[in-house]
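Work through the exercises below with the model at hand, and check each step of a solution before going on to the next.

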Amino acid sequence: MSNARRYECFCVDATEQVMFAGDIAGRISTIDIDSFLVVRHGQAHCGTIHALTAHPTLPYLAALSNDRTISIWRIGDDAVLTRVGQASIRDLACTNDDAAIAPIFSHSVALGFHDSKRRIVTRTGNGGTVELEFDDDGTLTQRWALRLHDDWDVQMTRFVAGGDGVLSAGRDASLVLVEDGREIRRWRFGDVVAHWAEHLSGSVYLVASDLGLAAKVDIASDSPPQFGVRFAHDDMEFLTYNRTSRRAFGTSFDRNVYEVDPVTLASKGVVYSPGYKCVWAKTLERSPSILLVQSRNGGLYKADLSTGETIAVIKDVPDALWSVVVLTDGDMLAAGEGDFLVHYRFCDVGEQSRTQVFETRRIVLPMAAESYTKRIVYDPASGHIAFGRTDGDIWAGTLDAFDLVTNLGSAIRDLAFDASGQGLVAATEDGRIVAVDIATRLAVTRHQDDAQPFARAIWALAYNPIHDLLAYAPFGTTLHVVKLADFTPFVTAECARVKRIRWIDATTLLYGSSGEIVRLDVSTGETTTLVARMQNTIEDFIWDRGRRYLLAISYQCTIGLFDFDTGAPLDHVRDQIDYAKGLAWLDPAGSDAYPMDFITWGRSGECHLYRIHNERIVAMGPIGRPSAEALAPLRADDLARIPTPSFA
């Protein structure tokens, strides 16, 4: 558990002097907002804390954890927490269920206090909505429990401001008003997750959803929601409203915090970006220019809205790895957050375990530490390595020398070498596909998405050098295959949330489509669902050289083993406690190493070794030991001596 200190959520107490933050290993940290220093930690749960909320008028704090319990705490002098009670929500039953429904794994943030009473609304272990009453003896009593979102999980719950009613938002795209255990009204938000309802005034609430826009609903009316124009380039996670400044702010997975006009619901522009996905946010009523933000990199940020500058950061976790390439000599190169690459040098094979042994060293480069590498690629014929970053930079070179090739002015989402090994095809977040010559540094836009109100990000691409075909998928519902030379359309296929495309051979490719893996024959346009369901979006997939096994890893931190030809499931295991990003086979390279070892990586900041044995996935632990050379960042005079690569 190398990233046990990664913060997952936070809330601010009623005095706005203290914030409480919950981490992935179940601790609650008490933080002084003015100094932005951690005052104390306390173990609250044996699982990720996904939500914290402070009672608006009484001295209580509540936590919701993936250990399927909620805990209630009394906030004492100096914000010292004393546990009042803790209760399991795993087996709570909904009165409108016809049969028992098993608990599910959840990322729900469904947790809210009543404005004045000792009541709390949260989720049941199987995705229902439940209201509980508690006392200072630690007793929690169920008032009602209902399934409001069919087979989908409840995402958020809160009490209606100043009343006893409850709002429940779900992954079924609905927001439901409940009073005394009875459904009163229901509103739809397209066909995407409704993430958050923020009280604006009276009976009016702002709603954030994966539509990427702000919506507004009057819960006292049967009128449909009012929708603004989409402005977020990815899912919109949260909305917060400041009653002193009367300003609203929204967070998105596109790494930005936006100001939102609470009347027109239009974006007033980006006011802050920590450089990584944003979720929880809060501006202080006592000091409205102070913005607090939690990011998916595990950090907490304090920013000045008047300048957009970061005031302070609390982050005590490894930098995430986003992409890894295996080189022809068995070495590996990993990249992700920060201003460095990690070189895994193959040095031995374990005599008893037959696992490959690696030494690691950092290659520090003069690039922005607050950016991160989204994709690193390798061309074996030329030996060239290239990587694209979220600040738009594309770097290229070899293990001995890297250089900045160009900046495309938008985050790089994916990258591939062309047939020459000297040209790159880049996918950008502003909807472009750009051809880049790494020798001349010439960048030419080959395609621009024309969706409205703004271009869709190109999420994934893959190049086929045999027929000069490029497969790419914008954020949306269509995968395109074109001739790279002139961008002549070749074939299209339906898809959803494609994060990875790989060519099997000259005419066949696989692509992840939400939680499925689909096979496309580009000669006929025929698609076949190979893997039917992988619990959330497919992050990556690979197959072995003999094409016997297909491996897939999902956003739900699970690894699936399947038959390559039929997609028949063979095994399913959990990866790490935090989000995974990719998979790669280890190349035995003629050694005595076991032939079916592979690695995963992600927010743990490490590569983790697994083995296929008896058609089961066996965990072998993290790989890589630091080399003898210093791992400290290079000095300025060291950076000046980094050689410039030659691509001629």
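**Exercise 1.** Decide whether Thr 507 is buried, exposed or partly exposed, and describe its surroundings.

*Solution.* Thr 507 has a relative accessible area of 29%, and because buried means under 20%, exposed over 50% and partly exposed in between (1.4 Å probe, protein chains only), Thr 507 is partly exposed. This is a predicted model, in which local features need pLDDT of at least 70 and side-chain atom pairs count only at pLDDT 80 or more, while totals for chains, interfaces and linings use all residues. Residues are numbered from 1 along each chain as its sequence is written, and side-chain values use heavy atoms, with hydrogens and water left out. Next, Thr 507 is placed in the loop between S45 and strand S46 (508-513), strands being DSSP runs of E with at least two residues, numbered from the N terminus. Finally, with neighbours within four places in sequence set aside, Thr 507 is in contact with Asn 464, His 467, Leu 520, Asp 521, Val 522 and Ser 523, where contact means heavy atoms within 4.5 Å.

**Exercise 2.** Determine whether Leu 61 is buried or exposed, and where Leu 61 lies.

*Solution.* Leu 61 belongs to strand S6 (residues 60-65). Its relative accessible area is 0%, so Leu 61 is buried. Among the residues that Leu 61 touches, not counting those up to four places away in sequence, are Cys 11, Phe 20, Trp 73 and Phe 113.

**Exercise 3.** Find the C-alpha separation of Thr 507 and Leu 292.

*Solution.* These two residues, Thr 507 and Leu 292, are 215 residues apart along the chain, and their C-alpha atoms are separated by 50 Å.

Conventions. Helices (H or I, at least four residues) and strands (E, at least two) are DSSP runs, numbered from the N terminus.
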